[in-house]
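User: I am new to reading protein models and would like to learn how the labels are earned. Could you go through one with me?

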Amino acid sequence: MAWCIFSCLESHTCSLTEMVQSAIPPTDLTLANFEMAQFNRANLKNAVLREMYVSGATILTGVKDIEGSDWTDTMLRRDQTKYLCSHPTAKGTNPTTGVDTRESLMCID
């Protein structure tokens, strides 16, 4: 499988994107549109994912790493939030924004 590497996708549209085994380095995905995207085995470590548009069809199940990611104001379905909050890498603080991953996901500890 190919590794897709993105630098800055701020405000970009990535509809129907398959992010299988994608390595998304510390980057700013603020306001990006990931409608109907699949994040299976995607590495989102230290990514800024603020105010992303993720439709009900967006699949986050199988994401590889979310440590240090900032999900502030990204509206996720309840099952997506539950899955991400239970993920073993749901920890840390984003090095760019200073926001705690679990806090940005609104995890109930």
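Analyst: Here are some questions about the labels used for this structure, each with its reasoning.

Analyst: First, some background: this is a predicted model, where local features need pLDDT of at least 70 and side-chain atom pairs count only at pLDDT 80 or more, while totals for chains, interfaces and linings use all residues. Residues are numbered from 1 along each chain as its sequence is written, and side-chain values use heavy atoms, with hydrogens and water left out.

User: What pLDDT does the protein average, and what does that term stand for?

Analyst: pLDDT is the predictor's confidence in each residue, from 0 to 100. The protein averages 79, and 76% of the residues score at least 70. Over residues 1-21, however, pLDDT stays under 50. Where pLDDT is low, the predicted coordinates should not be read in detail.

User: How many helices and strands are there, and how do you know where they are?

Analyst: Helices (H or I, at least four residues) and strands (E, at least two) are DSSP runs, numbered from the N terminus. By that rule the protein has 2 helices and 0 strands. Helix 1 covers 78-86, and helix 2 covers 101-104.

User: Why is Gln 80 called buried?

Analyst: Buried means under 20% relative accessible area, exposed means over 50%, and partly exposed is in between (1.4 Å probe, protein chains only). Gln 80 has 4% relative accessibility, so this residue counts as buried. Gln 80 lies in helix 1. Leaving aside neighbours within four places in sequence, Gln 80 is in contact (heavy atoms within 4.5 Å) with Ser 55, Thr 58 and Leu 60.

User: Why does Asn 46 count as buried or exposed?

Analyst: The relative accessible area of Asn 46 is 17%, so Asn 46 is buried. Asn 46 sits in the segment before helix 1. Its C-alpha atom is separated by 4.3 Å from that of Gly 68, although the two are 22 residues apart along the chain.

User: What about Ala 32: buried or exposed?

Analyst: Ala 32 has a relative accessible area of 0%, so Ala 32 is buried. Ala 32 is also found in the segment before helix 1. From C-alpha to C-alpha, Ala 32 and Met 52 are 5.0 Å apart in space, while being 20 residues apart in sequence.

User: Which label do Arg 41 and Glu 51 get, and why?

Analyst: Arg 41 has 32% relative accessibility, so Arg 41 counts as partly exposed. Glu 51 has 42% relative accessibility, so Glu 51 counts as partly exposed too. Arg 41 lies in the segment before helix 1, and Glu 51 is found there as well. For a residue other than glycine, Arg 41 has a positive phi, near 65°. Glu 51, likewise not a glycine, has a positive phi near 50°.

User: What makes a group of residues a nonpolar core, and which residues have the most contacts inside the largest one?

Analyst: A nonpolar core is a set of buried Ala, Val, Leu, Ile, Met, Phe, Trp, Tyr and Cys residues joined through side-chain atoms within 4.5 Å. The largest has 21 residues, and those with the most contacts inside it are Phe 34, Leu 44, Met 52, Ile 66, Trp 71, Leu 84 and Leu 105. Beyond its neighbours within four places in sequence, Ile 66 is in contact with residues including Leu 44, Trp 71, Leu 84 and Leu 105. Across the protein, buried residues make up 48% of the 109 residues.

User: How do you know that Cys 85 and Cys 107 form a disulfide?

Analyst: A disulfide is a pair of cysteine sulfur atoms within 2.5 Å. The S to S distance between Cys 85 and Cys 107 is 2.0 Å, so the pair meets the definition. The structure holds 1 disulfide. Cys 85 lies in helix 1 and Cys 107 in the segment after helix 2, so the pair ties together parts that are 22 residues apart in sequence. Both cysteines, Cys 85 and Cys 107, are buried.

User: Why is the disulfide of Cys 85 and Cys 107 called left-handed?

Analyst: The torsion about its S-S bond is about -90°, so the disulfide of Cys 85 and Cys 107 is left-handed.

User: Why is Ser 104 called buried?

Analyst: Ser 104 has 8% relative accessibility, so Ser 104 counts as buried. This serine lies in helix 2. A polar atom of the side chain of Ser 104 lies 2.9 Å from the backbone nitrogen of Trp 71.

How values were computed:
Polar contact = N/O pair within 3.5 Å; in protein donor to acceptor, adjacent residues only side chain to side chain.
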